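Hi,

Here is the structure I promised to pass on. Have a look at it first, and my notes on what turned up follow underneath.

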Amino acid sequence: MIFTVAWWNNFSKFVADSPIHLLAASIRATGCREKIILLINDVNKLPEDYYLLLNSLDVKIVNVDQMTSIITSGYPALASLNFYEMACFVRWLFIERYLRQYDERAKDVLIVDGDVLFLVSPGLLRQAFSGRTFVLQGCPAITFLSEPLEWLDEYLQSFGVFGRSPKAVSEALAIDKE
């Protein structure tokens with residue numbers, strides 16, 4: 001199972017910054033038939049030809065419209081973040097919700113940014129990293145979760161602490177670095 005999470009309000013900028021169709025095409029070009037799940041806001045506003053293109057690449061498109069409201073209602077201390085920063089935190093909540101609703105037994109889940117291209121099958125990553133978890137954070141980011149719900153539960157607990165007092169957590173992390 002391969003996840004990517006995207007948010008947009010300007011289609012041209014979205015396709016330039018997160019060419020999900022190229023991500024999916026690169027995965028399919030390797031012969032990989034794994035389920036690709038796109039969690040995205042405003043699905044109903046996507047141009048029909050783009051929606052059909054993603055469907056032709058066998059991408060399951062799931063609408064998630066509550067990104068900002070989840071932060072502002074559940075984590076008001078984070079309301080000062082810009083939308084992009086909020087979405088980076090909240091994407092994990094949507095992945096967790098999807099897994100709880102549709103596939104609680106999922107193992108070895110790959111999560112990639114929309115601007116990643118695969119030159120080899122993602123199955124090779126699964127073979128190499130099965131049973132391990134890692135987050136390669138950067139731009140772009142790739143995450144491999146061997147036990148996704150366990151990791152996401154830990155993330156949600158930590159995010160709850162951070163969401164109540166981001167300044168205190170940031171200061172504590174800065175002290176730990178010294």
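A quick word on exposure before the details: buried means under 20% relative accessible area, exposed means over 50%, and partly exposed is anything in between, with a 1.4 Å probe and protein chains only. Please keep in mind that this is a predicted model, so local features need pLDDT of at least 70, side-chain atom pairs count only at pLDDT 80 or more, and totals for chains, interfaces and linings use all residues. Residues are numbered from 1 along each chain as its sequence is written, and side-chain values use heavy atoms, with hydrogens and water left out.

Helices (H or I, at least four residues) and strands (E, at least two) are DSSP runs, numbered from the N terminus.

Helix 5 is a good place to start. Its 20 residues should span 28 Å at 1.5 Å a residue (the expected span being 1.5 Å times one less than the number of residues), and the 27 Å between its end C-alpha atoms agrees with that. There is a bend of about 35 degrees at Phe89, taken as the angle between axes fitted to the seven residues ending there and the seven starting there. At the N-terminal end, Asn82 acts as a cap, with a side-chain oxygen 3.0 Å from the backbone nitrogen of Tyr84. Buried residues in this helix include Met86, Trp92, Phe94, Ile95 and Leu99.

That leads to the nonpolar cores (sets of buried Ala, Val, Leu, Ile, Met, Phe, Trp, Tyr and Cys residues joined through side-chain atoms within 4.5 Å). The largest has 31 residues, and Met1, Phe3, Leu39, Ile95, Leu99 and Phe159 have the most contacts inside it. Helix 5 gives the most to this core, ten residues. A second, separate core has 25 residues, among them Ile36, Val59, Ile61 and Ile142. Back in helix 5, Leu99 is in contact (heavy atoms within 4.5 Å) with Met1, Phe3, Glu104, Ala106, Pro148, Leu149 and Leu152, leaving aside neighbours within four places in sequence.

Now the charged pairs. I counted a salt bridge when a side-chain nitrogen of Lys or Arg is within 4 Å of a carboxyl oxygen of Asp or Glu, and the structure holds eight of them. What does Arg100 pair with? One partner is Glu96, at 2.6 Å from N to O; both sit in helix 5, four residues apart, about one turn of the helix. Asp153 is another, with the closest N and O atoms 2.5 Å apart. Asp153 belongs to helix 7 (residues 148-164) and Arg100 to helix 5, so this pair ties together parts 53 residues apart in sequence. Arg100 and Asp153 are partly exposed, at 32% and 31%, while Glu96 counts as buried at 12%.

Another salt bridge joins Arg126 and Glu34, at 2.2 Å from N to O. Arg126 is in helix 6 and Glu34 in the loop between helix 2 and strand 2, 92 residues apart, and both residues are buried. Arg28, Arg33 and Asp58 are also linked in a salt-bridge network.

Last, Tyr75, in the loop between helix 4 and helix 5. Tyr75 is buried at 16% relative accessible area and, again leaving aside neighbours within four places, touches Ile70, Leu93, Phe159, Gly160 and Gly163.

Cheers

Key:
A polar contact is a pair of N or O atoms within 3.5 Å; within protein, one must be able to donate a hydrogen and the other to accept it, and residues adjacent in sequence count only if both atoms are side-chain atoms.
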